[in-house]
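Trainee: I have not looked at this structure before. Could you take me through how to read its features, one at a time?

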Amino acid sequence: MSETRSDTVSVVERTRAVVAGGAVVGAHFLGRTAVFVLGEEALVFAEPDGELRRMGIHDGAILASAGDGARIVSGGDDGKVVTTDVGSSRVLAADPKSRWIDHVALGPDGAAAWSAGKTAFAQAKELRQFEAPSTVGGLAFLPKGFRLAIAHYNGATLWFPNAPQAAPERLEWKGSHLGATVSPDGRFLVTTMQEPMLHGWRLVDRQHMRMSGYAARVMSLDWTPGGRWLATSGSTQLILWPFHTKDGPMGK
Amino acid sequence: MTDKIPVTVLTGYLGAGKTTLLNRILSEPHGKKYAVIVNEFGEIGIDNDLVVGADEEVFEMNNGCICCTVRGDLVRILDGLMRRKGKFDAIIVETTGLADPAPVAQTFFIDENVGRRTKLDAVVTVADAKWLNERLKDAPEAKNQIAFADVILINKTDLVSAEELAEVEARIRGINPYARLHKTERAKIPLGEVLGRNAFDLDRILDIEPAFLEGDDHDHEHGHDHDHGDDHDHHHAHHHGGLKHYHDEDMQSMSLKSDKPLDPDKFFPWIQDLVQKEGPNILRCKGILAFKGDDQRFVFQGVHMILDGDHQRTWNKDEKRESRIVFIGRNLPGKTITEGFERCIA
């Protein structure tokens with residue numbers, strides 16, 4: 001006798017395997033269409049009706065991608081930043097020296113950001129750029145305002161692209177910071193490090209949070225809906241850090 | 001193991017001829033494709049190959065080890081290159097003339113993702129026949145580059161006399177007796193001598209010329225590189241028996257061997273402890289080991305405090321099961337190391 005209620009559908013029944021035809025390095029949704037980012041050149045669109053469609057967008061490796069449901073922004077080793085929606089793609093920017101576009105991020109109100117080497121770019125209405133003290137390791141927009149968190153060696157910088165007169169705010173922590181994410185409520189910035197650990201800052205008072213104990217470098221992390229938990233790789237188990245209390249995971 | 005992409009690190013002091021060698025590697029018809037990581041764009045330009053600019057950003061790991069430095073830009077670039085796996089056969093990393101090779105080498109041991117997909121094939125150092133002796137006196141980087149090398153090209157030999165060349169060679173041997181030495185003009189060398197050396201040329205340490213070793217017994221048996229049957233041999237020939245000996249003031253090498261098998265339960269704690277204490281002074285170490293009750297040959301190599309080792313293959317029947325370790329470093333405590341090693345014999 002199964003105790004499973006008849007209205008509960010297993011995950012398996014709701015999924016189908018998609019043969020993307022290449023290594024998949026990212027996955028996003030555009031509306032109800034699942035979009036897989038290949039390691040080289042193209043996106044593969046898996047429509048709800050089962051149709052598969054390939055769209056070539058880069059002349060080489062795709063190094064980074066970000067999606068917000070309405071568009072996907074990607075950076076490649078061809079030096080191009082490409083924005084794609086369900087129907088089409090266009091080049092948002094091309095690095096004059098064809099430097100690799102290492103990171104991309106999407107922000108509120110259609111803002112996008114990317115980086116090439118030490119230079120971070122942010123575009124809302126106008127394109128702004130910022131020279132980080134070392135190569136940019138990761139980018140993340142804060143949920144409110146036009147503000148970008150930039151991870152680099154020995155910390156991260158909070159930058160207001162539209163306030164060039166305001167000094168960017170530097171958050172210090174020794175080491176190489178490789179990825180960045182901001183909690184959906186905007187209270188916490190978390191970076192992944194070269195060492196198998198995360199580092200976090202509570203932005204209001206710059207309180208440090210060291211999140212360690214991983215077996216491997218954390219390659220993937222994201223917030224649960226609502227931002228109560230931060231889910232990460234870096235272990236054979238899925239690690240969830242609690243962020244719903246005032247202090248976040250401090251002391252936990 | 002075998003599908004790891006080999007990486008060759010190209011070092012050499014300013015003006016020694018690194019770019020010449022790189023251009024030669026890229027332009028000769030070898031049917032292979034290379035991804036090249038250079039520190040300066042523009043000096044090379046070969047359409048067929050992937051050329052990536054790097055920033056040589058070195059940082060310290062937060063693991064309590066002061067000499068544990070990593071090239072962060074390399075981690076990033078190698079990650080990116082792996083997305084184009086299949087588009088190239090090997091990777092070449094060119095460093096700037098002032099670079100210390102340690103962070104580059106350590107990157108391959110420390111970063112798990114990099115180590116899983118690539119392997120350090122060899123450190124190749126280009127030395128300027130005319131200026132190296134001067135640089136060894138005033139530039140610590142130049143000395144590190146020699147000490148680190150698996151393969152050394154004494155380049156621009158056409159600009160020096162035979163005596164000067166012998167002097168340079170002796171100086172290099174005083175620092176690093178284990179590297180393969182080649183004498184070149186305009187970095188002209190069969191590419192097989194530079195690329196695809198495999199695992200830091202480990203077997204090389206088994207047939208080092210005994211005359212070069214620390215505390216040697218001056219039995220002049222130079223046994224030059226017989227195993228690469230090409231036109232280099234005649235170069236070596238006229239130094240036979242006449243090579244000067246130098247002991248560099250602060251950089252030494254030492255070699256230990258045992259024909260009795262080692263006890264792994266003694267050896268590993270000993271070597272770990274040794275590199276913890278002496279890591280900053282030990283630039284390189286390598287070894288081939290025969291453990292008691294183990295039919296497999298164990299090979300390891302290290303850079304400063306980092307060690308990396310694995311079983312390599314089964315010992316051949318007719319092969320002498322001998323363990324051998326070499327160290328290159330500054331002010332090595334020879335007696336302590338020798339005694340410690342001897343205690344590891346099973």
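**Reading the interface and the sheets**

Mentor: Start where the chains meet. The contact takes 23 residues from chain B and 25 residues from chain A. Keep in mind that this is a predicted model.

Trainee: How much area is buried between chain B and chain A, and what share do carbon and sulfur atoms give?

Mentor: About 2100 Å² is buried between the two chains, and carbon and sulfur atoms give 48% of that area.

Trainee: How many salt bridges does the rule find across this interface?

Mentor: A salt bridge is counted when a side-chain nitrogen of Lys or Arg is within 4 Å of a carboxyl oxygen of Asp or Glu. By that rule, six salt bridges cross the interface of chain B and chain A. The structure holds 34 over all chains. One of the pairs is A:D77 with B:R84, at 3.0 Å from N to O. B:R76 and A:D102 also meet in a salt bridge, with an N to O distance of 2.7 Å. B:R76 lies in helix α2 of chain B, while A:D102 is in the loop between β7 (89–94) and β8 (103–106) of chain A, so this pair joins two chains.

Trainee: What about polar contacts across the interface of chain B and chain A?

Mentor: The rule finds 10 residue pairs in polar contact there, with both residues of each pair at pLDDT 80 or more. On chain B, the elements that each supply at least two residues of the side touching chain A are β4 (58–60), α2 (72–82) and α4 (112–117).

Trainee: Which element gives the most to that side of chain B?

Mentor: α2(B) does, with eight residues. By class, the side of chain B that touches chain A has 12 charged, seven nonpolar and four polar residues.

Trainee: Now the sheets. In what order do the five strands of the open sheet in chain B stand?

Mentor: Read a sheet by following each strand to its neighbour. Here the order is β10-β14-β11-β12-β13 in chain B, with antiparallel pairing. β10 (251–258) and β13 (306–314) of chain B each have a single partner strand, so one side of each is left without a neighbour in the sheet. Neighbouring strands are turned by 10° against each other on average, direction ignored.

Trainee: How many bridges join β10(B) to β14 of chain B?

Mentor: Eight bridges join β10(B) to β14 (residues 323–330), and the two strands run antiparallel. As one case, B:S258 has B:S323 in β14(B) as its bridge partner. In a regular strand the side chains alternate between the two faces of the sheet.

Trainee: Which helices lie across strands of chain B?

Mentor: Among them is α3 (residues 101–110) of chain B, which lies across β12 (296–303) and β13 and runs at about 135° to β12(B). Helix α10 (residues 334–342) of chain B lies across β10 and β14, at about 20° to β10(B).

Trainee: And the sheet of three strands in chain A: which strands are at its edges?

Mentor: The order is β18-β19-β20, an open sheet with antiparallel pairing. At the edges are β18 (221–223) and β20 (239–242) of chain A, each pairing on one side only. Three bridges join β18(A) to β19 (residues 229–232), and A:D222 has A:A231 as its bridge partner in β19(A).

Trainee: How do β19(A) and β20(A) pair?

Mentor: They pair in the antiparallel sense over four bridges, with A:L230 opposite A:W241 in β20(A). The two strands form a hairpin with six residues between them, and A:G234 in the turn has a positive phi of about 100°.

Terms used. Residues are numbered from 1 along each chain as its sequence is written. Chains are lettered from A and ligands numbered from 1 in the order in which they are written. This is a predicted model: local features need pLDDT of at least 70, side-chain atom pairs count only at pLDDT 80 or more; totals for chains, interfaces and linings use all residues. Side-chain values use heavy atoms; hydrogens and water are left out. Contact means heavy atoms within 4.5 Å. Buried area is the accessible area (1.4 Å probe) that two parts lose on being put together, summed over both. A polar contact is a pair of N or O atoms within 3.5 Å; within protein, one must be able to donate a hydrogen and the other to accept it, and residues adjacent in sequence count only if both atoms are side-chain atoms. Ala, Val, Leu, Ile, Met, Phe, Trp, Tyr, Cys and Pro count as nonpolar, Asp, Glu, Lys and Arg as charged, and the others, Gly among them, as polar. Two strands pair if DSSP finds at least two bridges between them. Axes are lines fitted to C-alpha atoms, for helices over the stretch in contact, and angles run from 0 to 180 degrees between N-to-C directions.
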